[in-house]
Amino acid sequence: MEARHAPVVLIVFPMAVGSRNGAGVSLGTPHITLFPCALLNVPLSPRVPQLWRQGKGDFFLGCLLMAELSTPFVCLGKVLILYQRQHTILHKLNGVALLVTFLLCRVLLFPYLYWAYGRQRGLPLLQVPGALPPAYNAAAAALLAPQLYWFALICRGAWRLFRTPPPPPRQPP
């Protein structure tokens, strides 16, 4: 039987000229940021975890990878802004998709993990934090905090995108 290898993926998206944000390497003009997803994809590819985890933790691995579902929408939004297409219907549809996927796959992921743990252990949702070690709750709070901040920024951007512009002030006759 032939061994199958998981592909190594690199996310490439253009950044504004002179931008220094993002992880990775900037090349040329306009800068292109190469995010080394190999750091995530190689250790988490289907074969490597089977050797390390021996089939344990697939649920949490799936949740971790599901959290990245919103990333393509973030990248597409940045590309549309870079090419000055932020007033198109594609940008609005992308904004809705980003808002929904970020909410479901990043923000609500944490309550879902607590609910799933409680269901597995026969605990009501509100008793789960007390049943876990304090370090686990602190780690979950530390991971959730930036998600809430980014979600607030996404909501603010969506509000600006979809609100009707205020009427221009009237000039006195």
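Let me start with one residue, Ala97, which is partly exposed, with a relative accessible area of 22%. Ala97 sits in helix H5. That value is close to a boundary: buried means under 20% relative accessible area, so Ala97, at 22%, falls in the partly exposed class. I should say now that this is a predicted model.

Staying with Ala97, take its position relative to Val74. The two are 23 residues apart in sequence, and their C-alpha atoms are 9.6 Å apart in space.

Now the chain as a whole. How many helices and strands does the chain have? There are eight helices and three strands. Reading from the N terminus, the three strands are followed by the eight helices: β-β-β-α-α-α-α-α-α-α-α.

On burial, the chain has 173 residues, and buried residues make up 23% of them. The accessible surface of the chain is about 12,800 Å², and carbon and sulfur atoms account for 69% of that surface. As for contacts, take those with a separation of 6 or more: residues 24 or more positions apart account for 53% of them.

Next, charged pairs. A search of the whole structure gives one salt bridge. Which side chains meet in it? They are Glu68 and Arg106, at 3.3 Å from N to O. Glu68 lies in the loop between helix H3, residues 58-66, and helix H4, residues 71-82, while Arg106 belongs to helix H5, residues 89-107, so the pair ties together parts that are 38 residues apart in sequence.

Are the two partners buried or exposed? Glu68 is partly exposed, with a relative accessible area of 37%. Arg106 is buried, with a relative accessible area of 13%. So the salt bridge joins a partly exposed residue in a loop to a buried residue in helix H5.

Last, the surface. Which residues form a nonpolar patch there? They are Phe59, Phe60, Tyr112, Trp115 and Leu125, and together they have about 500 Å² of accessible area. Two elements give two or more residues to this nonpolar patch: H3 and helix H6, which spans 109-121.

Phe59 is one of the patch residues, and Phe59 lies in helix H3. Its relative accessible area is 37%, so Phe59 is partly exposed. Residues in a patch need over 30% relative accessible area, and Phe59, at 37%, satisfies that.

To recap: one salt bridge was found in the whole structure, between Glu68 and Arg106, and a nonpolar patch on the surface includes Phe59.

Definitions and conventions: Residues are numbered from 1 along each chain as its sequence is written. This is a predicted model: local features need pLDDT of at least 70, side-chain atom pairs count only at pLDDT 80 or more; totals for chains, interfaces and linings use all residues. Side-chain values use heavy atoms; hydrogens and water are left out. A salt bridge is a side-chain nitrogen of Lys or Arg within 4 Å of a carboxyl oxygen of Asp or Glu. Helices (H or I, at least four residues) and strands (E, at least two) are DSSP runs, numbered from the N terminus. Buried means under 20% relative accessible area, exposed over 50%, partly exposed in between (1.4 Å probe, protein chains only). Patches are made of residues with over 30% relative accessible area and no salt bridge: like charges are joined within 9 Å, nonpolar side chains (Val, Leu, Ile, Met, Phe, Trp, Tyr) within 5 Å. Accessible areas come from the Shrake-Rupley method with a 1.4 Å probe; for residues, only the protein chains shown count as cover. Contact means heavy atoms within 4.5 Å.
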